Amino acid sequence: MSELQNQRVTVELLGKEQQFACPAGQEEALKAAAKNLNDLVEQMKQRSTVRNDQKALLMAALNLSHELLEAKTQKSVELEHQDLLIDKLSQYLSSNSEHTK
C-alpha cells in the first residue's frame, strides 16, 4: 500500500503517545491492539515482580507470541482434520455413485 493510503494514528503505549502509519479503515483495530498491549503490560506488572516497562513489554510480547504460535498450531490441526473429513466424504460419495450405476 502506498504511504498516501495510510493514515497517521496516535495511540498511547506505556503512557506515551506514539504515532503509527495505518491502512485506511484499520484505525480502530490499531487502537484496540494498542489497548490490548497496554492491558497485557499492566497484567505482567501486577502478576510478577517486574516493574520496568521494557521488561513488562517483553513479557507481554512473549506471551502474545506464544498465543499466536498455539493458535497457528491449532489451526493447522483443524485444517488437517477437515482434510481427512473431506477425503472420507469424497471416498464415500465416490463409492456410493459406483454402486448406483
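# A tour along helix α1 and beyond

Begin by selecting Glu42, which is partly exposed, with a relative accessible area of 40%. Keep in mind throughout that the model is a predicted one.

With Glu42 still highlighted, add Lys45 to the selection: the two side chains meet in a salt bridge, at 3.8 Å from N to O. Both residues belong to helix α1, where they are three residues apart, or about one turn of the helix. Is Lys45 buried or exposed? At a relative accessibility of 15%, Lys45 counts as buried, because the cut-off for that class is under 20% relative accessible area.

Now bring in Asp53, with which Lys45 forms a salt bridge whose closest N and O atoms are 2.3 Å apart. Asp53 has a relative accessibility of 29% and counts as partly exposed. With the three side chains displayed together, you have a network of salt bridges that links Glu42, Lys45 and Asp53. Side chains of opposite charge can pair when their charged atoms come close.

Stay on α1 and select Lys35 and Asp39, whose side chains also meet in a salt bridge, here with 2.9 Å between N and O. These two residues both lie in α1, four residues apart, which is again described as about one turn of the helix. Asp39 is partly exposed, its relative accessible area being 32%, whereas Lys35 is among the exposed residues of the helix. How many salt bridges does the structure hold? The count is four, and those visited so far include the pair Asp39 and Lys35 and the pair Lys45 and Asp53.

Next, show the whole of α1, residues 27-47, and colour its residues by burial. The buried ones are Ala34, Leu37, Leu40, Val41, Met44 and Lys45. If you turn the view so that you look down the axis of α1, these buried residues fall within an arc of 140°, and so they line one face of the helix. On the other side of α1 you will find Glu28, Lys35, Gln46 and Arg47, which are exposed. A distance check between the end C-alpha atoms of α1 gives 30 Å, and this agrees with the 30 Å that its 21 residues should span at 1.5 Å a residue.

From that exposed side, pick out Glu28, which sits in α1 and counts as exposed at 58% relative accessibility. If you also select Val9, which is 19 residues away along the chain, you will find the two C-alpha atoms separated by 9.3 Å.

Move on to Ser48, in the loop between α1 (27-47) and α2 (53-99). What lies 2.7 Å from a polar atom of the Ser48 side chain? It is the backbone oxygen of Met44, a residue already met among the buried ones of α1. The side chain of Ser48 also has a polar atom 3.2 Å from the backbone nitrogen of Val50, so that both distances fall within the 3.5 Å cut-off for a polar contact.

For a stop on the backbone, go to Leu14, in the loop between β1 (6-13) and β2 (16-23). Leu14 has a positive phi of about 55° although it is not a glycine, and at 29% relative accessibility this residue counts as partly exposed.

The remaining stops are on α2. Select Lys72, a residue of this helix, which counts as exposed at 52% relative accessibility. A line drawn from its C-alpha atom to that of Lys16, 56 residues away along the chain, covers 32 Å. Then select His81, which is found in α2 and is partly exposed, with a relative accessible area of 47%. His81 and Pro23 are 58 residues apart in sequence, and their C-alpha atoms are 35 Å apart in space.

Finish with a surface view around Leu89, whose place is in helix α2. Which residues make the nonpolar surface patch here? Leu89, Tyr92 and Leu93 make this patch, with an area of about 330 Å².

Key: Residues are numbered from 1 along each chain as its sequence is written. This is a predicted model: local features need pLDDT of at least 70, side-chain atom pairs count only at pLDDT 80 or more; totals for chains, interfaces and linings use all residues. Side-chain values use heavy atoms; hydrogens and water are left out. A polar contact is a pair of N or O atoms within 3.5 Å; within protein, one must be able to donate a hydrogen and the other to accept it, and residues adjacent in sequence count only if both atoms are side-chain atoms. The expected span of a helix is 1.5 Å times one less than its number of residues. Buried means under 20% relative accessible area, exposed over 50%, partly exposed in between (1.4 Å probe, protein chains only). The arc is that of the directions from the helix axis to the C-beta atoms. Patches are made of residues with over 30% relative accessible area and no salt bridge: like charges are joined within 9 Å, nonpolar side chains (Val, Leu, Ile, Met, Phe, Trp, Tyr) within 5 Å. Accessible areas come from the Shrake-Rupley method with a 1.4 Å probe; for residues, only the protein chains shown count as cover.
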